[in-house]
Amino acid sequence: MSTPATQGSPAQPTPRRGAATTEGGTRHTPALRHRGLTFRGPLRLAGLLGGLALACGVALTATSGWLIVQASSRPPVLSLLVAIVAVRTFGIARPLFRYWERLRSHDAALAELAAARVDTYRRLIPLTPARLGRRARSDVLSAAVKDLDDEVEAQVRVVVPLVASLFAGLVAIAYAASVHLPAAAAITALVLLLAGIVWLLARLEDSSQREGLEARAQAHRVAALVTTNAHELQAIGAGGDTDVWLDQAHERVRRAASRQGLIRALAAALMLVCIAGATAGIALLVEPSVGTTLSRPVAALLLLIPLALGEITAPLPEAMGALARSRAAAARLQGLVTQEPAVAQASAPDRSFAQLGTNARGERAQLGENAGGGTRQLAESALREGSPDPSFAHLGTNAPGGVPRLELRGVSAGWVPGRTDIGPIDLVIEPGDHVALVGPNGAGKSTLLAVLARHLDPSGGAYLIDGEPADARPLEVTRAAYAIVDDEPHLFTSTVRENLRLARPEASDAEIEQALDAAGLRAWRTHLRAGLETMLGEGNTGVSGGERARIAIARALLSQRPVLLLDEPVAHLDHPTAEAVLADLFAASAGRTVVMVSHREEGTQYCGRIVPIGGRLEEAGPSADGGGR
Amino acid sequence: MKPFDPRLVREHPKARPAVLLLGGLGVLSGIATVVQVFAVARLVTRLVDGGGIAGPLSWALGAFAARAALSALTEWYAARAGAAVSTSLRAALLASWLRRGADERPERTTALTLATQGTSAVEPYVAKYLPTLVQAAVLPPLVVACMFAVDWVSGLIAVLTLPLLPFFAALIGATTRDETAKRWETLSRLSGHFLDVVRGLPTLVGYGRAEKQLSTIGTVSEKHRVATMRTLRLAFMSSAALELLATLSVAIVAVAVGLRLAHGHMELLPGLTAILLAPEAYWPIRRVGAEFHNAADGAEALTTVLDELAATPPDHVDLAQLTPKSAPEGVSRDKSTSPEPGSVSVADVSYAYPGASGPALEGFSADFTSGLTAVTGPSGAGKTTLLDLIAGLRVPSTGTVSRPSGRVHLVTQTPFIAAASVADNLRLGDGRDATDDQLWAALDRVGLRELVASRPERLGMPLGDGGFGLSAGQRARLALARAILADPDVLLLDEPTAHLDPASAGLAHDIIRELAADRTVIAVTHRSELVDAADAVVTVPARKAVTA
């Protein structure tokens, strides 16, 4: 039995048109720099502080050695005072510098993260939803958030230790050069060797980590498959049959871990061997000059330097792991955000960004005081965002009067540029029509819906709205006529009220309650602990799948948008619940145009027209989904 | 959170060699470290006082080599052990869930997290944290003993100051705990905000609200930075305090040695050895604190996984028949009350979902004999629950279910179809030993032979997740083909044709009738055609108390 194919995985974003999938992203958007590892102001200071801390550590070991050897020759105690003070200073300075460095580097990384988040979000908007993969978009998005964290985290975990170690190494070389050149040469050789090992490790980590990540992702997929389908597996008596898949995935994980462990183990051992070699080298080089050109205590000091350097470079292999992780994360993120938007005339007017940028900066000063402020305010402000947007106000309220006529003339479309998933299709949807698009999974129903929603531009043919070519109208105006309900409705961590009002910010409580009732949530609403003030989100505990679908429908109804586009809205619901949800939905949407995509029979009885899409399995195979690699 | 949960070793035999070997390697590298310190001290002494350095140098090199080998071994073995323990925990967890009834499994999202990230978090816990823990347990006592042997004054200082480290760590932890806990909620809310608005991006874009979020994200990230830095400052300050404490302790040893050296009360060699030994006693303790912080997720996940594995409910469902190897025997099966062989009887059965306000099924009785029985009733009456109870996937709250001792096969509303080949999917369950010919025969019977035969991969034809690429009717027929291969004594079908168009439904109904010829088939259905074709009809009444 083979392992479940990767095509079932959370969809991969479609690659950019004609560009390399990873690093070359900056070519498209020169203004947006590849973050990766940067080495700028605050971080430079942090690296320097870290270097001082490490240098203090080396100096501490070395001067202690000097002091003891000097003391053993029983000089007047006073003559030791300078060294004693030095040892104390180094001992106290090391933790202080380290503390300072950690504050600075973490602060810099968090500030970088804040900027990177706004930047990434802005770049994701025009790619949403068509370029976020076809299914499990929220997984793709969660992964992007995690990748962004990993990428920025590398600033602290990689740059600072590297810079600090290098600085400490240079200080050690400089000191040694001032007392004994051959020893300095030995230390230089050691620093170069260690740097070489670290560099080599960084190279190897890239591939070994990719292997490990892929293996773990596959194991997670199998585990998630078994966990979510435990009941279905038991039902057919297949309780133990999935073991094979899990074993295969786990074998891969173990092999990858072993390989990665071996590489790091060899690096750690090699570094120790280099330190041993340097110690021996210095002992042999220094021995002839002890007592003549070189004082005994200084000889002791020189001999202890490699050991001290060994201590400070020990964390570097770990840092190289973080570097590889961050590079992989950055490459994935770049692959995602540098895609071409799937629609022309992206909905990102530059003007508003300039404003927003200054806002964010202007507010920074006051933030210090109310940072700990109530979580409730945060949650509300997260969605409310002041007054309703004037440009949407008129669209929203005017809409029911002007239900548009939608027409597709010989339209073909594909998710990946250059490939046609559907078409050519002719379809006219008169105002107020209730249309069901049916057909097997993968036949292109959702693709068609994406074209109607102006999430995806057709690759051929014409899409006319009220007789006017769709791409001649402003994207925001077109989209503002459509309310979309898909199979993964998101509930924000906020109140019930804010979760609904995002669909129409000027809606009153009475209108919100009306929308909830129309979506079949009357009983649910009246049982809420704090009414519309009740908090949702946080994994949406206490909200069933059916209720989630209904909340999304209530949103769509509240929006008063004249066209409802339903993309498998009940895909995850059981049959009776699905029937009930759809009955309520269609009852509440008289007068509006409804286009529903479904691969099941439910709800089709409410549709005046049933349009079969595709159906030839040869074309609708799993690989035609755009999800596979 | 405990630093080490002994249940890992006690109850999970696969973890035993890992922990033992890591412990052994820890002891050996501790010894190598001590030997290295002695050799280096002697090397320095010989270097400054004259005398051949060859002897101590070769000792030092030997010790270095041993340390290098041991640390490489530890690193490599720890990585392997981490993967081995975490994967075996995951396998054990999934196996345990598959043996339990629906109510004894944890809630879906909890289970998902535990089966994926949760068990993965155990990997760094074993690979990184455990070796450090071993070092912290081995090295300080070993080093202190050597210090006593070399110079008892230094040893005494170490014994007196070492306990201060954990003591102060605990003290700092206790004083900052409330503060940290107070901030935790704000912090997690702040850090969760970005994930929330990113995951909700399609919704926000749909309603034209996405760009409004940009300034909010900037604001919240800024708040997050400020709040995080407050928490971090505290953490960094306490770790700086501990480092200072360790440095001062080493300095006390050094001063004591230095003064005695300067006054001629001590030789260089023991003095230097004591001073070089001292830091080796302190750093493992500080490091274990730092690593524990990093491995906290893993430690917590480990505790949860072990709790979960230990939680075998006293009245757990016997799903022995569902695991391929064991002989069929069950608690909810009672042959003596079976009126005739092959028949299923349900007597006064009630069932309430955990946490539900009312029962899903109450005081229900029915007998199902050989042939096709259609089960009807209004939505939410508990028909699906009834099938789960008959299949033994749930235990009734009251009443008894008796069924024959053979195989039971339940085709759920959304049958499991993996992203694998047609053959793999058909061989899931009791049909796992079916030959290719049998697979073809089953496909032929459900009318899928042509479709599969037309593909170049034939039985290897790949299917997507959840049967992606197949129509609803094809998926339903595939599930029926699997039921045919399983050849069960009792076949349970939950809305087998609800999603199908009339033509597909007609074909499926014919197959169901054929299957009912020589076994008990119980089908929950809304379809009048299937009800008409049934030998008997059982109606599940609507629930009395209707809940929202």
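The questions below concern two helix pairs in a predicted model.

Q: How are H5 (residues 152-161) and H8 (residues 212-262) of chain B oriented to each other?
A: In this predicted model, the two helices pack with their axes 10 Å apart and at an angle of about 160°. Angles over 145 degrees count as roughly antiparallel, and H5(B) is therefore, relative to H8(B), roughly antiparallel.

Q: Which class of residue, nonpolar, polar or charged, contributes six residues to the contact of H5(B) with H8(B)?
A: From H5(B) come Val153(B), Ser154(B), Ile157(B) and Thr161(B), while H8(B) supplies Ser249(B), Ile252(B), Val253(B), Ala256(B), Val257(B) and Arg260(B). Sorted by class, three of these residues are polar and one is charged, and the class with six is nonpolar.

Q: What is the handedness of the crossing of H2(A) and H3(A)?
A: Helix H2 (residues 81-124) of chain A packs against helix H3 (residues 137-179) of chain A at about 150°, with 9 Å between the axes. Because an angle over 145 degrees counts as roughly antiparallel, H2(A) and H3(A) are roughly antiparallel to each other. Their crossing is right-handed.

Q: How many charged residues does the contact of H2(A) with H3(A) have?
A: Residues of H2(A) in this contact include Glu101(A), Glu112(A) and Arg117(A), and those of H3(A) include Asp149(A). Nonpolar members are also present, among them Leu113(A) of H2(A) and Val152(A) of H3(A). The contact divides into nine nonpolar and four polar residues, and the number of charged ones is four.

How values were computed:
Residues are numbered from 1 along each chain as its sequence is written. Chains are lettered from A and ligands numbered from 1 in the order in which they are written. This is a predicted model: local features need pLDDT of at least 70, side-chain atom pairs count only at pLDDT 80 or more; totals for chains, interfaces and linings use all residues. Side-chain values use heavy atoms; hydrogens and water are left out. Axes are lines fitted to C-alpha atoms, for helices over the stretch in contact, and angles run from 0 to 180 degrees between N-to-C directions. Helices (H or I, at least four residues) and strands (E, at least two) are DSSP runs, numbered from the N terminus. Angles under 35 degrees count as roughly parallel, over 145 as roughly antiparallel, 65 to 115 as roughly perpendicular and the rest as oblique. Contact means heavy atoms within 4.5 Å. A crossing is left-handed if the near helix is turned anticlockwise from the far one by less than a right angle, and right-handed if clockwise.
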